[in-house]
Amino acid sequence: RNLLLPKRVPAERPWARVCIKLYRAEGLPSMSMGIMGGFSKIIGEKKVFIDPYVQISFCGQQGETSVETNTTEPEWNEQISFIEMFPPLAQKIKVQVLDDANIGDVAVATHYIDLQQISDPGRNGFNPTFGPAWVNLYGSPQNSALRDIHKDLNEGMGEGIFYRGRILMAIMVEIFSSPSMAERKPGDKTKELHPLPKNALGRKEEFLLFAAFFEATMMDSSLSSKPVSFEVSIGNYGKAEEVVTKVWRKAENGEVKEEKQPLLDPGSGGELDGEVLAPASAALNRSVTKSQQPEPMEYDRSYSCLSMTHEKPCVYLWSYWEDHTWRLCISNCIVKLAERLEQGLDDVEKLMRRPKAKAEERLREVLEEFVAGCRQYSLSAERKTMAHPNNLDGCRMKYLMRNIILYAKQGLRVKQRLTRANVKEKVKETRRILTKLRFMAKEPQCTLPDVLIWMLSNNRRMAYARVPAQNILYSVVEEEKGKDCAKIQTVFMKVPRLHTGEIFAKLEIYMWLGVTKYAKNCLAELPEEFTYLSESGQEIAQLSTYSPPSQLSRDDFSYFQLRAHLYQARGILPADDNGLSDPFARVVFSTYCQTTRMLEETLSPMWNELLLFDQLIIDGKKEELKTETPIVIINLFSHNKFGSPEFIGQTFAAPQVKLVDEPYTKPALQFFDFYKGTKAAGELIATFELIELDYNGYLEDVEPKDPDYLGDPRAGRFIIPEGICPVLKEFRIEILFWGLRDLKRVNLFEVDQPQVIIECAGKKVESDVIVAYKENPNFTELVKYMDVELPEQVYLHPPLSIFVVEKRAFGRTVLVGTHVVSDVMKFSPRELEEELKDMPK
């Protein structure tokens, strides 16, 4: 699964020696993960240290280092060599650290090195080269139980959720000019190396990681009865390993003893009142927030949240790493270049969905900005200094410069050949450039580990988020700074190994990571209204490098109103046996959640509903709301009569911001794509407004001030106002039902009594049931019709869905098949279609 064949393999390939040099490791788990290690921990014996060794797998060959005993910082200083034709048929080298356990060797962590990221196959390229550099390892939590439910993560299957140390290694490839030179000599596969000098990669520098929690919302309702806290760690710094619990048990002689219980013990039951023990080397660190009791969210109580309105808890910790941040700074420049290009292409694609929109002009602007950004990068890269560079660093700098110039030329060529007729084709071409740019931005030699945020509840790790250190890294140069550094960003927490796409919790968190000499800048981007409090609650008069605040306090707020105009969803996933759904949407913003009405049996629900969120408090600088707009989350569910609703999709939206001193303009409806995990799940037509209220909490120039009710006023639902809601016209859809052919078996049974259901804009028409399909597959009543209301704008028309179902015993209905007609107007008279297309937007 991880060893993929290259796209092209030359007919004649030379032989090469691939040398993997393994020097040492540090920070490996101290506890053996084998059966005996887990058993020793449970019965209360001293820690059993691992006996680590490294196994390298490449192109079907394997090599191993020697075993170092009872250590978390082994030193191997060994080289493993493979003789292989070049380029190889495998694209990845598998590096696995194992524990030489008494009963079966156990994987500690697995890492894959992608040869594409450490080489350049171009004419002026370079062979795979790497290091000497540290490789960070991730896997399962250091579980002390006999059975590790996340052990597959240590084998490299899935995203690692816990830091498990790092390994110092290097890779070199030597090409042979003749096959005879490739013959292996005895003992050539593994040989000893001279150890690297102590500071070969530079001295370790002190880094500060600071994080402030602004919101914790969308928390699973199962957490409502237990206090919740959050842990932030980088590497092994900040990890909470054990909890001293108030579980008292009587010993054999009658004495009462206090028992230590591991934080991650899956068998721990009941509520445990615990105090987290920080590592002795991190006495100054404060990596875990104080526990808080979750509360139900406003309006719809489907989710829980933590109240952080007035005080924002902070965590901070110091760690020590070699300062190779210049690598990440170079990568950040390319990331920002790609982010701007992607945002521009998204804008163009939105305009392409509208007739007579200026998509061509916008794409031209996007390409001009991209070429200017490439030019700026090439100028700044020439002046960049590198501290302790290795061979890959030098090769990679030339590679990046050469390709950035190449992509700029390609962007200019796309711009020169752009016309109104080929916008779609040129967007695809630019997307291909963006994909290459994204791949190029990945730094293969990242010294700093990812930051891990864990939600702790009932002394167990419930959900996690993994934030790349690169994204929050500080630099004095703005373009080199991480895209989320010193910004209030949205972080979604997920349950390990759960791939449904549902979010376990949503955090609004401010993060900063940098060398300690810049530590005073960690609070510079926070709004001035905040006061800084110490752990005792006292205001900090003067900030120093080693006294970050434990809390941020604020009493002066700006109030906003959010208007969520949900017009319609289209092409959503079916949830019921009949191929339809009973959809409703939950809209989540800040600590508030509201729900639309539920519409029965449709894949294109027409809600036409306005959800009002009033008196909202928005954190962050008001002037930055235009560029750093907090997102709205829309979760789509299908109602279930006999259980909890079924999740069928999710999308995100940035609202249009209107401040008090700005004139009000009505927003236009937009398209948002639903996804269930990575699977496309339909689209939403909606628009969102975030409007600042004046000091009295009123809207002065916003129209309408009081929206009209949708149906019964007692239900408290509002209709989308005129000017935003499209004008509807009545159409008649006529269907000629003729017959059905070639129906396949469903659940091993033949189809005998089928029926066709046609649905559009919330209206349905059903054909007759064919009594005996095999004898006569035609319908008896041929012509039927339905009257529907469709928008005047053709691009807002809902699709027409066709379902074939079978009626079975006891009133059951089984879905046979479906088809979706995306453009209903192609079945209209030509003069009507032309009339609608000529209408203004």
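**Exercise 1. Place Thr 69 in the fold and decide whether Thr 69 is buried or exposed.**

Step 1. Thr 69 sits in the loop between β3 (61–64) and β4 (75–85). Strands (E, at least two residues) and helices (H or I, at least four) are DSSP runs, numbered from the N terminus. This is a predicted model: local features need pLDDT of at least 70, side-chain atom pairs count only at pLDDT 80 or more, and totals for chains, interfaces and linings use all residues. Residues are numbered from 1 along each chain as its sequence is written, and side-chain values use heavy atoms, with hydrogens and water left out.

Step 2. Apply the cut-offs: buried is under 20% relative accessible area, exposed is over 50%, and partly exposed is in between (1.4 Å probe, protein chains only). Thr 69 has 55% relative accessibility, so Thr 69 counts as exposed.

Step 3. List the contacts (heavy atoms within 4.5 Å). Leaving aside neighbours within four places in sequence, Thr 69 touches Ile 50 and Asp 51.

Step 4. Check a separation in space. Thr 69 and Asp 99 are 30 residues apart along the chain, and their C-alpha atoms are 9.4 Å apart.

**Exercise 2. Find the largest nonpolar core and say where it lies.**

Step 1. Fix the term. A nonpolar core is a set of buried Ala, Val, Leu, Ile, Met, Phe, Trp, Tyr and Cys residues joined through side-chain atoms within 4.5 Å.

Step 2. The largest such core has 66 residues. Ile 56, Ile 167, Met 169 and Leu 437 have the most contacts inside it.

Step 3. Helix α2 (residues 325–352) gives the most to this core: ten residues.

Step 4. Domain 1 (15–32 + 47–201) and domain 3 (324–386 + 391–441) both contribute residues, so the core lies between them. The domain bounds come from an automatic or database domain assignment.

Step 5. Look around Ile 56. Beyond its neighbours within four places in sequence, its contacts include Ile 20, Leu 22, Ile 80, Phe 82, Ile 93 and Val 95.

Step 6. Note a second, separate core of 39 residues. Among its members are Ile 472, Val 491, Met 493 and Met 511.

**Exercise 3. Summarise the whole chain.**

Step 1. Count the elements: six helices and 40 strands.

Step 2. Of the 841 residues in the protein chain, 52% are buried.

Step 3. Take contacts between residues at least 6 apart in sequence. Of these, 71% join residues at least 24 apart.
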